[in-house]
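Welcome! Here are a few short exercises to work through with the structure open beside you. Try each task before reading its solution.

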Amino acid sequence: MRILVTTVALPGHFFPLVPLAWAARAAGHEVLVACAAEFVRTVLGSGLPAVTTGPGERFDDISADDRPVAGLTEQRTEHGRVFGRMAARNLPGLREIAKAWKPDLVLSERAEFAGPLLAAQSGLPQIELHWGMAELPEYRTGAVTELSKRDLPAPPEPGRWLNPWPPSLRRPYAAGHDSIRTLSYNGEARVPDWVMRQRRRPRICLTLGTVVPRSGTNQVAHGAVDIVRALCGLGAEVVVAIDDGIAATWPPLPPSVRHVGRLPLSQVLPVCDVLIHHGGQGTSLTALETGLPQLVLPVFDDQFDNAEAVVRAGAGLSLPPHSVEPATIAQQCAEILATPGFRSAAAVIAHEIAAMPTPLHVVTTLHPPPLRRVA
């Protein structure tokens with residue numbers, strides 16, 4: 001079977017697809033990832049074959065503003081418009097790829113809408129990898145607005161949803177989703193030597209993902225250096241997982257900061273005591289997968305819903321944007337370190353995740369029904 005994978009050019013959207021794509025290849029299926037030109041190198045770094053749908057994508061309209069003037073709903077809708085414009089631009093190239101490669105199945109992440117349109121036009125089954133806790137109807141509303149301007153139809157609902165969030169944390173709208181166990185992929189990040197060594201102090205990890213640090217309109221990114229310094233006052237070892245280019249612009253930090261730069265979270269988090277982060281899908285689930293307590297500082301879109309799920313599980317705490325101050329963050333982190341119940345609750349969720357169907361199992365269920373292709 002030939003599986004065409006479609007994704008927007010954002011690591012947080014593509015990375016959750018990688019383990020399933022690996023599993024499909026290991027099972028003998030052919031996999032091809034279609035993406036914008038600027039993202040091909042990232043896909044190739046995952047060990048998957050890639051083909052470009054056309055010119056690179058611009059994400060200038062993706063806002064990481066934690067206090068949007070128009071409100072969170074309008075911010076999400078605007079992001080949907082961005083994804084709709086991307087889909088309209090990528091669809092012609094995707095059609096050419098499908099015409100030449102002749103896929104049997106389209107696998108898309110939830111913000112990529114050209115794949116579903118192609119599947120509907122070609123009579124192909126389509127599956128959605130549903131990252132994030134939030135339903136995000138605003139994405140579809142915004143995307144439909146932009147697609148209609150270009151005389152394109154609304155993307156159809158997928159034939160199947162794959163959801164990596166543990167069932168106990170999902171909201172009612174996701175009741176019909178099929179489970180897939182999260183297996184974290186972290187990109188090209190080397191495992192540092194200190195991960196293998198015994199430690200003498202508690203270890204705190206801070207990460208801000210790939211989008212949040214690029215925007216100065218949120219308090220988390222703007223105050224990151226001060227947050228790190230406040231955490232150093234807890235007597236713990238601090239590691240910061242952030243893009244190397246951003247880390248290079250920071251001033252010297254206290255000696256208790258062991259690392260600032262790229263890190264493979266799936267290898268680092270098991271040797272940490274608490275994770276402080278922005279509430280991204282991959283980061284939240286990687287921490288839950290390892291049974292690590294979290295302090296979530298959500299900034300935009302699904303991050304607020306992911307944070308709420310962590311708190312509801314008893315696996316951590318969350319601070320709203322108006323409370324994001326270095327001293328408050330350090331205080332909340334100290335509470336998590338001193339309260340064993342957070343780790344116990346996180347361990348319960350980790351056990352639930354471990355019992356979910358692996359990508360290898362899910363691949364055995366991906367055989368498409370005998371649908372007639374549209375000429």
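**Exercise 1. Find the strand order of the open sheet of 6 strands, and work out which strands stand at the edges.**

Solution. Start by tracing the sheet in this predicted model: the order is β10-β9-β8-β11-β12-β13, and the pairing is parallel. Next, look at the two ends of that order. β10 (257-261) and β13 (316-318) each have a single partner strand, so one side of each has no neighbour in the sheet. Finally, follow the twist, which averages 15° from one strand to the next.

**Exercise 2. Look at how β9 and β10 pair: over how many bridges do they do so?**

Solution. Locate β9 at residues 237-241; its parallel pairing with β10 runs over 4 bridges. For one example, pick Val 238, whose bridge partner in β10 is Val 257.

**Exercise 3. Which strands does helix α11 touch, and where does helix α12 lie?**

Solution. Take α11 (residues 281-290) to begin with: this helix packs on the sheet and touches β8 (203-207), β11 (274-277) and β12 (294-296). Its direction makes about 170° with that of β11. Then move to α12 (residues 303-312), which lies across β12 and β13 and runs at about 140° to β13.

**Exercise 4. Is Asn 90 buried or exposed?**

Solution. First find Asn 90 in helix α4, residues 72-101. Now check its relative accessibility, which is 6%. Buried means under 20%, so Asn 90 counts as buried. To see its surroundings, set aside the neighbours within four places in sequence: Asn 90 is then in contact with Thr 53, Glu 57 and Ala 114.

Technical notes: Residues are numbered from 1 along each chain as its sequence is written. This is a predicted model: local features need pLDDT of at least 70, side-chain atom pairs count only at pLDDT 80 or more; totals for chains, interfaces and linings use all residues. Side-chain values use heavy atoms; hydrogens and water are left out. Two strands pair if DSSP finds at least two bridges between them. Helices (H or I, at least four residues) and strands (E, at least two) are DSSP runs, numbered from the N terminus. Axes are lines fitted to C-alpha atoms, for helices over the stretch in contact, and angles run from 0 to 180 degrees between N-to-C directions. Contact means heavy atoms within 4.5 Å. Buried means under 20% relative accessible area, exposed over 50%, partly exposed in between (1.4 Å probe, protein chains only).
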